[in-house]
Amino acid sequence: MISSRDETTRHKQGQAQQSSYPLVPRRSDRLQSVRNTKKQKLEPDNAASNTVPLGNGEDSSSSSSSLITRIGILADIQYAPIPDGYSYSGSSRYYRFALEAAQHAAQQLEQEKVDLVVNLGDIVDGKCQSIATNGGIPLPDVDEYGRTVGEQCVDHVLAALSPYKFGTILHTYGNHCLYNMDRPLIQRKLNIPFVQEPCGDLVGYYSYKRTAENGTCLRFVVLDTYDISLMQRCPQQSQKRQDAVQLLQSKNPNYPKLENSPDGLNGMAQRFVAFNGGVGPLQLQWLQQTLDQARQNGEMVVILSHQPILPGSSKPICLVWNYNDVLRVLRQYRDVVAASLAGHAHKGGYKRDDKSGIHFRVMEAVLENSVPTYALVAIHDDQIEVQGFGNCESAVYKLDHLTIHKKKNDKNNNNNNNHKNNISYNHLKRNDNFEDTATTTAVAELAQSNALMSASD
């Protein structure tokens, strides 16, 4: 049986790599220009009413709900030290500015003292591997600290995010992460606690729990949607890569020559491209066990993943290969799972599952916006409020499909206060130990980085 892996063990095992080298992202004038000419875009989207036409958008001011936690969310930063460009579909991409947008978000979220920040994957862009070809000044293949180009670029973003130090940053990883790093390096850099499955492949799924003052427990369940994938899997030895090859051979006639092309694929079949991935059977088993434990404990659950899961929340080309298997598990726990948050589809999206009531939100990409785009999310026991900044849509999602945590509250109030305090104490104690070591280096690196950027202005 696969054990349920929560933050109290997995984050400690996935200790972030420490270093003392300087980080030197170059400052641009875009953020100052944004402040001067587009100041209104940095205010919360629809801040006056906090009501938007996404899903169950309602006026949150009428709510008498109890706040569980406040978090910040960024998706698809995809920084690269190259000039602005375009996606394959023609959308503008602000590769260098993404770094400053991430730093702006981190500074604001630190001021707000949110409990944690979530990065939904693709922290850097694949074009970091071809900087000169894309008009940038190339970085050394391996620098004096032994870092590859991809690792250097990731460190630039981690320095940009380091102003946020009030809580923990939870990371998922995406296809662009894999274009730049293998999984062991992702584990060291992003603190994602990979586990080696019996087949020998590494998979990065885990859960993270918070307990509110009223005793309500919220568990973030982080899925690895590149469990089954081609990327960074050994062609000769990886069973998961072999499974991916067989799937693409049977579903996409463009494979292998044009493995990322959906040409000739219709509807939902467009998801069978190489920049996507799937969730393996052992991870699905772990997911079910984790949700079952959450039900028994009266916990609310929020799913985090890089790829979207529900059709209609994004275009088919961005969906998890076996989204139906994941949905089958989630729908069994409609009384526990409040929402699913994902990235990957840069324009964002939303759909509420009509079979379960679970909310599926895709967050807008940092990369494709000329103003800092991120969200501050307040999770209550009866609704989720998304306060969007820049071009991130705001919304209020009612959690009227949840029942289990409401039943558990009575038990917590009557006889579980001591247990609640012990959980909170252990959780905070272990996170403090982790965060202290992680941020000590981050603060030093940011100071060095800012000094170098100021010198270059």
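**Close-up views of a predicted model**

**View 1. His359, a buried residue in strand E13.** With a relative accessibility of 0%, His359 counts as buried, because the cut-off for that label is under 20%. Keep in mind that this is a predicted model. His359 belongs to strand E13. Its side chain makes a polar contact with the side chain of Tyr350, at 2.5 Å. His359 also turns up in the lining of the second largest cavity, so that's where we go next.

**View 2. The second largest cavity and what surrounds it.** How many cavities of 30 Å³ or more does the structure hold? There are three. The second largest one has about 40 Å³ of space in it. Its lining is made up of Ala339, Ser340, Leu341, His359, Phe360, Arg361, Val377, Ile384, Val386 and Tyr397. Strand E11 (337–342), strand E13 (359–362) and strand E15 (383–389) are the elements that each give two or more residues to this lining. Sorted by class, the lining comes out as seven nonpolar residues, two polar ones and one charged one.

**View 3. An open sheet of six strands.** Reading across the sheet, the strands come in the order E8-E9-E10-E11-E13-E12, and the pairing is mixed. Which strands sit at the edges? They are strand E8 (206–211) and strand E12 (349–352), each of which pairs on one side only. Going from one strand to the next, the twist averages 15 degrees. Two strands from the cavity view, E11 and E13, show up again here: both give two or more residues to the lining, and both are in the sheet order. As general background, strands of a sheet pair through backbone hydrogen bonds, and they can do so parallel or antiparallel.

**View 4. Strands E9 and E10 within the sheet.** Zooming in on one pair, strand E9 (residues 217–222) and strand E10 (residues 299–304) run parallel, with six bridges joining them. What stands opposite Phe220? The residue there is Val302, in E10.

**View 5. Leu248 in helix H7.** For a change from strands, this view looks at a helix. Leu248 is part of helix H7, which covers residues 239–251. Is Leu248 buried or exposed? Leu248 counts as buried, because its relative accessibility is 0%. Ser229 is also worth picking out here: Leu248 and Ser229 are 19 residues apart in sequence, and their C-alpha atoms are 9.9 Å apart in space.

Methods: Residues numbered from 1 in each chain as written. Predicted model: local features only at pLDDT ≥ 70, side-chain atom pairs only at ≥ 80, totals over all residues. Heavy atoms only, no water. 1 Å grid on protein atoms, 1.4 Å probe; cavity = no way out; pocket = protein on both sides within 12 Å on 5 of 7 lines; lining within 4 Å. Points joined across faces, edges and corners; volume = space filled by probe spheres on them. Helix = DSSP H or I, 4+ residues; strand = E, 2+ residues; numbered from the N terminus. Nonpolar A, V, L, I, M, F, W, Y, C, P; charged D, E, K, R; others polar. Buried < 20%, exposed > 50% of the residue type's maximum accessible area, 1.4 Å probe, protein only. Polar contact = N/O pair within 3.5 Å; in protein donor to acceptor, adjacent residues only side chain to side chain. Pairing = 2+ DSSP bridges. Axes fitted to C-alpha atoms, helices over the stretch in contact; angles between N-to-C directions.
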